[in-house]
Amino acid sequence: MKLVVQRVRTASVSVDGEVKGAINGGYLVLLGVGAKDTEAECRRLSRKMIDLRIFADENGKTNLSLKDVGGELLVISQFTLYADCRKGNRPNFLQAKEPKEAERLYEYFCELCSREVHTEKGVFGAEMLVKLENDGPFTVILE
């Protein structure tokens with residue numbers, strides 16, 4: 001499982017001109033599910049991400065977590081995080097989980113997160129327009 005975690009001031013996702021999810025402050029997360037990923041990976045990485053301390057405290061040090069600042073999540077499924085571009089110019093996605101099982105794990109990940117913080121999400125498999133205002137910018141990759 002791969003997560004691109006971006007600290008944002010605002011973020012939203014739309015499908016066919018209709019907003020499907022939006023947050024004010026927190027993380028925009030691009031989530032890729034790999035062929036070997038399991039529910040255990042969802043649990044480990046959701047916990048790691050939520051506990052990640054990348055918000056500034058009163059002294060300007062990155063000491064606060066998403067929960068500490070009352071932040072929100074917008075989670076977008078993105079299988080292209082598993083693009084393999086080592087051969088040729090056309091990426092292959094053989095390392096990504098097959099769609100049905102990837103969607104199940106994506107939904108499970110989002111459900112785990114929603115137990116801890118307000119969580120919005122995109123539409124699995126849809127063409128989405130994602131808008132964000134980076135804060136920092138501060139971007140972290142978790143695997």
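## A walk through the chain

Start with the whole chain in cartoon view: two helices and seven strands make up its secondary structure (DSSP runs numbered from the N terminus, with H or I and at least four residues for helices, E and at least two for strands). Follow the chain along its sequence and the order is β-β-α-β-β-β-α-β-β. The radius of gyration is 15 Å, close to the 15 Å from the globule rule for 143 residues, so the chain is as compact as a globular protein of that length (C-alpha atoms only; the rule is 2.2 Å times the number of residues to the power 0.38).

A word on what you're looking at: this is a predicted model, where local features need pLDDT of at least 70, side-chain atom pairs count only at pLDDT 80 or more, and totals for chains, interfaces and linings use all residues. Residues are numbered from 1 along each chain as its sequence is written, and side-chain values use heavy atoms, with hydrogens and water left out.

Still zoomed out, note that buried residues account for 43% of the 143 (buried is under 20% relative accessible area, exposed over 50%, partly exposed in between, with a 1.4 Å probe and protein chains only). Of the contacts between residues at least 6 apart in sequence, 71% join residues at least 24 apart (a contact is heavy atoms within 4.5 Å).

**Select 99-114.** This is helix H2, whose 16 residues reach 22 Å from first C-alpha to last, close to the 22 Å expected at 1.5 Å a residue (expected span: 1.5 Å times one less than the number of residues). Show side chains, and among the buried ones you'll find Tyr 106, Tyr 108, Phe 109, Cys 110 and Cys 113. Now add their cover, which includes strands E1 (2-15), E2 (18-32), E5 (72-77) and E6 (119-121), plus helix H1 (39-51).

**Select Asp 16.** You're in the loop between E1 and E2. Asp 16 has phi near 50 degrees, a positive value in a residue other than glycine. Its relative accessible area is 78%, so Asp 16 is exposed.

**Select 136-137.** Check omega here: about -10 degrees, a cis peptide bond between Gly 136 and Pro 137. Pro 137 sits in strand E7.

**Select Thr 139.** This residue is in E7 too, which runs over 129-142. At 44% relative accessibility, Thr 139 counts as partly exposed. Leaving aside residues up to four places away in sequence, Thr 139 touches Val 4, Val 5 and Gln 6. For a last distance, pick Glu 116: Thr 139 and Glu 116 are 23 residues apart in sequence and 21 Å apart C-alpha to C-alpha.
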